[in-house]
Amino acid sequence: MWPNRRLCDLFKIEHPIIQAPMAGSATPELAAAVSNAGGLGSLGCASMLPDGLRHVARQMRALTVRPFNLNFFVFPRPDTGDAVLTQVIDRLRPYYQEMSLGEPSRRLPPIGPGFDEEKLELLLEIRPPVVSFHFGIPDAAAVGRLKQAGIAIIGTATNVAEARKLADGGADAVIAQGWEAGGHRGSHAPNGPGDGVGTMALVPQVVDAVELPVIAAGGIADGRGIAAAFALGASGVQIGTGFLSCDEAGTDAPRRALIRTATDMDTMVTDAFTGRAARARRTRYALEMEESRVPLPDFPQMVALSAPLGGDKDFAFHLYGQAAALNRELPAGQLVRTLVAETAEVFDALSTGKTTPAKAKSSSSTSPMSF
C-alpha cells in the first residue's frame, strides 16, 4: 500500500513507521513490539554504560528477529566555565530556597563526549541493524566503519543545512524533525528555544535538498499525519509521543496522566532543564527561566542543577509533543496496525475523491483516549 518504499527497502521492514528512541521511555518491550508489528522499534542508548548497552541488545534479539534501531547523541565534551556556573546558581538559588534544598552544587559531573571510540567499538561488537544519531553525526571514519559492518545510519535534521550535512556525512536516511516534535530538538548546535521550522514547511524542503529517503517527524500521531507526510515527499515517519501511551512504554504515571488531558497548547520549547532546547510540558519553572534568561551550563551538565527541583509539579520535566491529544492507550503492536489501517483509509479516500475521515474508522474500536 505504501506509495514510496525506499525506507522499507532500506531497513527491511514492512511499514515505514519508526518509533522514536525516547531515552527513558522507550523500553526493549516497546521497541520489540513495534518491530514485530512491521515497523522499526528504537531504543535511546545515549547514557548507557557498556554492560547496559550489551544487555539491551541481547534483550532486543531475544524479543524480536526483526530490525531495530539504537540511538546515540553526538555532542562535544561539556566545558562549563565558572562565570556561567555562578550566574545560573544565582538564578536558581531562590527555587532551591523555596523547596528547602539548600545551596545548588558548584560541582558539575564530568561527562565525556556524546559519541566516542568506546561506543563505536561497542556498536561494531553488537552490530544492530540500524543506528541513529541526534545532535549531529560522527566523523566520516566512524560512519564508514559502521556502514562496512552492515549497519544502516540515520541522522536527525531540524533544517535544510543540517540535512545536507547528514547526507554529506554518510547517512542513509534523514529524519526531518519539525518544531512540533516532543523531546530534545535534534539541532546540530545548541540554539534558542524559539528557533525551529514546522514539519509541513521542513519536510518538502529537505526532500528537495537531499537524495536520501526522508523521515518526517513532529506532530504525526495518526493515519492523517502519515498520509500527509507522504504527500510532502517523505518515505516514512517517526512517531514518539504517540507511543508514550502504549502499554509497553516506560512512561511514568504523572506523565501518562498529563497526556490523558493534553491539549495542543500544553508544551513549550525550553533549554532550562538540560542546557539544550527540548519540547516539554509548560511549567512555571520553564516559563520563568525563559523570561529572565541567563547562560546555562553545557548540555547535559545543566541536568545536575535542574533535577533536584523536579519533585514539584512546577519544576517537573515532562517531554511530549504538540499532538499528544491524539494519543491512544493501546499495546504497541495494535497501535502500529491501527496507524497502518488509518493511513490506508486516508489514501483510499484521497484516490477516490471521498471525504478524508476526521478520525479514521479503523481506530473507532480501539477506545481512543478522550481529551
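Which residues in helix 2 meet which residues in helix 3? In this predicted model, the helix 2 side of the meeting is made by Pro 28, Glu 29, Ala 31, Ala 32 and Asn 36, while helix 3 contributes Val 56, Gln 59, Met 60 and Leu 63. Sorted by character, the residues of this contact comprise six nonpolar, two polar and one charged. The axes of helix 2, which covers residues 28-36, and helix 3, which covers residues 50-63, come within 9 Å and cross at roughly 35 degrees, and the crossing is right-handed.

Helix 3 also appears among the neighbours of helix 5, a helix that spans residues 117-126, since the buried residues of helix 5 pack against helix 3, strand 3, strand 4 and helix 6. Those buried residues are Lys 119, Leu 120, Leu 122, Leu 123, Leu 124 and Ile 126. Just after helix 5 comes Arg 127, whose phi is positive, at about 55 degrees.

The elements other than helix 3 that the buried residues of helix 5 pack against are listed here with their residue ranges.

| Element | Residues |
|---|---|
| strand 3 | 68-73 |
| strand 4 | 130-134 |
| helix 6 | 140-148 |

Elsewhere in the chain there is an open sheet of three strands, arranged in the order 7-11-10 with antiparallel pairing. Its edge strands, each pairing on one side only, are strand 7 at residues 183-184 and strand 10 at residues 267-270. Strand 10 is joined by four bridges to strand 11, residues 278-281, and the two run antiparallel; Val 269 has Arg 279 in strand 11 as its bridge partner.

Key:
Residues are numbered from 1 along each chain as its sequence is written. This is a predicted model: local features need pLDDT of at least 70, side-chain atom pairs count only at pLDDT 80 or more; totals for chains, interfaces and linings use all residues. Side-chain values use heavy atoms; hydrogens and water are left out. Axes are lines fitted to C-alpha atoms, for helices over the stretch in contact, and angles run from 0 to 180 degrees between N-to-C directions. A crossing is left-handed if the near helix is turned anticlockwise from the far one by less than a right angle, and right-handed if clockwise. Contact means heavy atoms within 4.5 Å. Ala, Val, Leu, Ile, Met, Phe, Trp, Tyr, Cys and Pro count as nonpolar, Asp, Glu, Lys and Arg as charged, and the others, Gly among them, as polar. Buried means under 20% relative accessible area, exposed over 50%, partly exposed in between (1.4 Å probe, protein chains only). Two strands pair if DSSP finds at least two bridges between them.
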